[in-house]
Amino acid sequence: MSKPIKAQVKLQIAAGKATPAPPVGSTLGPHGINIPQFVKGFNDATAKDAGLVIPVVVTIYTDRTFDWELKTPPVAVLIKKELGLPAGSKKPNTDKVGKITRAQVEKIAQQKMVDLNTTDIASAISMVEGTARSMGVVVVD
């Protein structure tokens, strides 16, 4: 028999840099879980991904135990890493900040595929291209 779930909390935290301070502490603290245990486990699991933002889903049970599941970084973060961009464009329709090739788009789509709501690689590529365009990045062949 599974334990009754009290809450599910979604966070986006820099890899290897979680601290008990906000947003982690203020989000998880009201649920009464062991925050230092979560912080240590998260930092150990994400140390290899330094520089990326990692989404995590924390399932909190009524007995104050918890499980957590790491997701793949957001597509915008992966695009910025791939191109070495500090940020996307503030005006993506007029100001372009970079160019991304179809091969790079496909690489990101393959990486993100496990967390997308599609099993078709063409749809995943289309989603990544849309995110790139909304960031002011031009997709080139």
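Leaving aside its neighbours within four places in sequence, which residues is L28 in contact with? Here are my notes, with that one picked up in point 3.

1. First, some ground rules. This is a predicted model, where local features need pLDDT of at least 70 and side-chain atom pairs count only at pLDDT 80 or more, while totals for chains, interfaces and linings use all residues. Numbering starts from 1 along each chain as its sequence is written, and side-chain values use heavy atoms, with hydrogens and water left out.

2. Now the overall layout. The protein chain has 5 helices and 5 strands, taken as DSSP runs numbered from the N terminus (helices are H or I, at least four residues; strands are E, at least two). Reading from the N terminus, you get β-α-α-β-β-α-β-α-α-β. The C-alpha atoms fill a box of roughly 55 × 35 × 25 Å along the principal axes. Of the 141 residues, 40% count as buried, that is, under 20% relative accessible area (exposed is over 50%, partly exposed in between; 1.4 Å probe, protein chains only).

3. Back to L28. Beyond those neighbours, L28 is in contact (heavy atoms within 4.5 Å) with V9, L11, I33, I35, F38, V58 and I60. L28 is also among the residues with the most contacts inside the largest nonpolar core, along with I13, F38 and V58. That core has 19 residues; a core here is a set of buried Ala, Val, Leu, Ile, Met, Phe, Trp, Tyr and Cys residues joined through side-chain atoms within 4.5 Å. At least two of its residues come from each of β1 (5–14), α1 (24–28), α2 (35–46) and β2 (53–61). A second, separate core of 17 residues includes A124, I125, V128 and A132.

4. Next, have a look at Y61 in strand β2. Y61 is buried, with a relative accessible area of 13%. Not counting residues up to four places away in sequence, Y61 touches K3, P4, I5, K6, F66 and D67. Y61 and Q8 sit 53 residues apart in sequence, yet 8.8 Å apart in space, C-alpha to C-alpha.

5. Finally, the helix pair α4 (residues 102–112) and α5 (residues 121–134). Their axes come within 9 Å and cross at roughly 110°; axes are lines fitted to C-alpha atoms over the stretch in contact, with angles from 0 to 180 degrees between N-to-C directions. The contact is made by R102, V105, E106, I108, A109 and Q110 of α4 and I121, A124, I125, V128 and E129 of α5.
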